[in-house]
Amino acid sequence: MSTVTYETALMFWRIITQIFFREVRPRGCFSIPRDGPVIFAVAPHHNQFLDGLLLSQEVYRETRRRVQFLTAAKSLQRKAIFTASVHSNYCAVPVVRAMDEAKPGTGLVYLSPDDPCLLLGERTRFKSEFSPRTQTMLPESVDSVVAEVLEVISDTELRLKREFGGETGKGTTRVREKSVEMEAEGKTGFPFKILPFIEQQEMHRGVYQRLKEGGCIGIFPEGFERVITDPLPLKAGVPTMALGAMANDPSVNVKIVPVGLYYFHVHRFRSRAVMLFGSTLDVPEGLVEMFKQGGSSKREAVSELLDPIYDGLKTVTVRAPDYETLMAQFFTIVEPRLTPA
């Protein structure tokens, strides 16, 4: 997209957002790098259209830099003019999500009482519906937990690669608690969905190329839209892409900027929005070397980089009941942490 076309699109959408919002206030814009590859990690993720638009507008206004967002391919396939226009405005990078290709499974499932990685079924067809590397997702009543399949033992037995919730086991605890509640009501087992394995090599190549060119990528690391302001456990996309780009090309030096987004009465005309840019995070060379080794070292590198990203997002996601309280908290708590020495 040419500069003239991009600026025209931004101008159009800025007029629309200025009509709808009484005020869009950015803070901490000095944290935005003026050059070099950047990944913006944005949370909470309220709306796939507004979040990207507002961030694109503010980053371009401050630095004249464009931000490309990772966006569900399903959204880009919609025929609505509004949807297509918004996504083309911030140059979306399509991502095929397993969740968008999910299909309901046959029968009901429940966890083995002795093994959190053994999933048992009633009237299930695991052999025909699952294969290694596919995933299973349980219903919202247990927080839509997901686990990857390691082995299909039989039509009624699945071996999971890790228990629900990963090493923390929080997902397993929730599943077991809900199972006890259901047994008291005379019910057994959960409905489930089958998530196919999606190869993301093409998407990663596109991101690496954009970062190699010194561009900006925007990611919503929580993975889905929500309303709560406290940061949720993050997906591994941000550290994986930052480390992968640097491992792929030693000349690439990726910076990560955490961004907090707040809407006050977002569905109300003439409401307010606030955008807080956190301190820029560097990617340690030591983690890049660990990432290159692959296997457990690669996973450890991703996990170690995920921690400071999460901490950075906690700094810019302050819970506040109204606009005035948020601004007061920002000036007394958040801004001193972000102001450069």
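## Exercises on a predicted model

In helix α7, the residues Met203, Val207, Tyr208 and Leu211 are buried. Keep in mind that this is a predicted model. The exercises below start from that helix.

**Exercise 1.** Work out where the buried residues of α7 lie around its axis.

*Solution.*
- Start with the arc: Met203, Val207, Tyr208 and Leu211 cover only 135 degrees around the axis, so they sit on the same side of α7.
- Recall the general geometry: an α-helix has 3.6 residues a turn, so residues three or four places apart point the same way.
- Now turn to the face directed away from the buried side, where the exposed residues Glu202, Arg205 and Lys212 are found.

**Exercise 2.** Compare the span of α7 with the expected one.

*Solution.*
- Helix α7 runs over residues 201–212, which is 12 residues.
- From first C-alpha to last, α7 reaches 16 Å, close to the 16 Å expected at 1.5 Å a residue.

**Exercise 3.** Decide whether Met11 is buried or exposed, and find the surface patch that includes Met11.

*Solution.*
- Locate Met11 first: this residue belongs to helix α1, residues 3–20.
- Its relative accessibility is 55%, and because exposed means over 50%, Met11 counts as exposed.
- Met11 joins Ile15, Ile19 and Phe269 in a nonpolar surface patch, and together they have about 430 Å² of accessible area.

**Exercise 4.** Classify Cys117 and Cys216, then count the disulfides.

*Solution.*
- The cut-off for buried is under 20% relative accessible area.
- Cys117, at 18%, is therefore buried.
- Cys216, at 2%, is buried too.
- With a disulfide taken as two cysteine sulfur atoms within 2.5 Å, the count is zero.

Conventions: Residues numbered from 1 in each chain as written. Predicted model: local features only at pLDDT ≥ 70, side-chain atom pairs only at ≥ 80, totals over all residues. Heavy atoms only, no water. Buried < 20%, exposed > 50% of the residue type's maximum accessible area, 1.4 Å probe, protein only. Patch = residues over 30% accessible without salt bridge, like charges linked within 9 Å, V, L, I, M, F, W, Y side chains within 5 Å. Areas by Shrake-Rupley, 256 points an atom, 1.4 Å probe, with all protein chains shown as cover. Salt bridge = Lys/Arg side-chain N within 4 Å of Asp/Glu carboxyl O. Helix = DSSP H or I, 4+ residues; strand = E, 2+ residues; numbered from the N terminus. Expected span 1.5 Å × (residues − 1). Arc of directions from axis to C-beta.
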